[in-house]
Amino acid sequence: MNNNRRGMMLIFCAPSGTGKSTITHEIITQDPNVKFSLSATTRKPRDGEEHGVHYHFMDDKEYDETLGNGGFLEHASVFKHKYGTLKAPVMKSLDEGHDVIFDIDWQGARQLKETAPNDCVLIYILPPSLKELKRRLVSRNKDNLETIEHRMNEAKSEVSHYGEFDYIVKNDNLQDIMGQINSIIICERLKKHRNLKAVALAESILQE
């Protein structure tokens, strides 16, 4: 247990193409005290993927046993495969004073908030506009037109859940949004239920 600070779960959600992955990678690059949450999955590893590096790969039996024992903070089934966030490594990181980043959808964010409300900081990332979102999806040349239209149709539905989040930020450019997110991180680290060193100092002053 880190007696200076308890870590937090930094949960980022956004419509596809908003730049969420770039932002979370930038945070981890800038701050060695932040870790990325590694999901568990029952799907088979793809070429180049390693257990414990890209995912915690499980078979169905191990996954179901973990789920039955309350070992997941959040879980979901996607295209016949199961995914989940293992509780033990995340809680260990928080106890050690590390922050853990989650790049998930709003359903997963809702589950995390229900299971660990005091540890969660929920941040929703908005595109400047739907027009700009479509331009980014097209320019990254990753999806076909049908997939892009599907992502655009899903965007409004996803944004409708912004009210469940603690913070809303707009990704106009990387420098501006990183300044905002770093401010959020600083403020959240100073909250008294996380800032254990300051609480201990306050208590010691009262005892003098």
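Student: Which element gives the most to the lining of the second largest pocket?
Tutor: The model is a predicted one. In it, β2 (34-36), β6 and α3 (87-95) each supply at least two residues of that lining. With 4 residues, the element that gives the most to the lining of the second largest pocket is α3.

Student: What is the volume of the largest pocket, and how much space lies in the second largest pocket?
Tutor: The two pockets are taken in turn. The largest pocket has a volume of about 1,800 Å³. The space in the second largest pocket is about 170 Å³.

Student: Which residues are the closest to the centre of the second largest pocket?
Tutor: By class, the lining of the second largest pocket has 6 nonpolar, 4 polar and 3 charged residues. Of the 13 residues that line this pocket, the closest to its centre are Phe36, Leu38, Pro89, Val90 and Ser93.

Student: Which elements give two or more residues to the lining of the largest pocket?
Tutor: The largest pocket is lined by 49 residues, and those nearest its centre are Lys20, Asp103, Ile104, Asp105 and Arg151. The elements that give two or more residues to this lining are α1 (20-30), β5 (72-78), β6 (81-86), β7 (99-103), α4 (106-115) and α6 (145-159).

Student: How many charged residues are in the lining of the largest pocket?
Tutor: The lining can be divided by class. It has 17 nonpolar and 19 polar residues. The number of charged residues in the lining of the largest pocket is 13.

Student: Is Gly19 buried, partly exposed or exposed?
Tutor: Gly19 is found in the loop between β1 (9-13) and α1. Its relative accessible area is 24%, and the range for the middle class runs from 20% to 50%. Because 24% falls in that range, Gly19 is partly exposed.

Student: How many disulfides are found in the whole structure?
Tutor: A disulfide is a covalent bond between the sulfur atoms of two cysteines. The test used here requires a pair of cysteine sulfur atoms within 2.5 Å. A search of the whole structure finds a number of disulfides equal to 0.

Student: How far is Cys120 from the nearest cysteine sulfur?
Tutor: Cys120 is in no disulfide, and the nearest cysteine sulfur is that of Cys13. The distance to that sulfur is 11 Å.

Student: Which cysteine has the sulfur nearest to Cys187?
Tutor: Cys187 is in no disulfide, and the nearest cysteine sulfur is 18 Å away. That sulfur belongs to Cys120.

Student: Is Cys120 buried or exposed?
Tutor: A residue must be under 20% relative accessible area to be called buried. Cys187, at 48% relative accessibility, counts as partly exposed. Because the relative accessibility of Cys120 is 7%, Cys120 counts as buried.

Student: Which residues touch the most other members of the largest nonpolar core?
Tutor: In soluble globular proteins, nonpolar side chains tend to be buried together. The largest nonpolar core here has 18 residues, and β1, α3, β7, α4 and β8 (120-126) each supply at least two residues of it. The residues that touch the most other members are Met9, Ile11, Phe102 and Leu112.

Student: How many residues does the other core have, the one with Val169?
Tutor: This core lies apart from the largest nonpolar core. Among its residues are Val169, Ile177, Ile184 and Ile185. The number of residues in this other core is 17.

Student: How far apart in space are Arg194 and Arg5, C-alpha to C-alpha?
Tutor: Arg194 has its place in the loop between α7 (174-189) and α8 (196-207). At 2% relative accessibility, Arg194 counts as buried, and the residues that Arg194 touches include Arg5, Asn118 and Glu188. Arg194 and Arg5 are 189 residues apart in sequence, while their separation in space is 5.3 Å.

Student: What separation do the C-alpha atoms of Val138 and Ile148 have?
Tutor: Val138 is found in helix α5 (residues 130-139), and at 44% relative accessibility Val138 counts as partly exposed. Val138 and Ile148 are 10 residues apart along the chain. Their C-alpha atoms are separated by 7.3 Å.

Notes:
Residues are numbered from 1 along each chain as its sequence is written. This is a predicted model: local features need pLDDT of at least 70, side-chain atom pairs count only at pLDDT 80 or more; totals for chains, interfaces and linings use all residues. Side-chain values use heavy atoms; hydrogens and water are left out. On a 1 Å grid over the protein atoms alone, a cavity is a set of points where a 1.4 Å probe fits but cannot get out, and a pocket is an open set with protein on both sides within 12 Å along at least five of seven lines; lining residues have an atom within 4 Å of a point. Grid points are joined across faces, edges and corners, and a volume is the space filled by probe spheres set on the points. Ala, Val, Leu, Ile, Met, Phe, Trp, Tyr, Cys and Pro count as nonpolar, Asp, Glu, Lys and Arg as charged, and the others, Gly among them, as polar. Buried means under 20% relative accessible area, exposed over 50%, partly exposed in between (1.4 Å probe, protein chains only). A nonpolar core is a set of buried Ala, Val, Leu, Ile, Met, Phe, Trp, Tyr and Cys residues joined through side-chain atoms within 4.5 Å. Contact means heavy atoms within 4.5 Å. Lists of a residue's contacts leave out its neighbours within four places in sequence.
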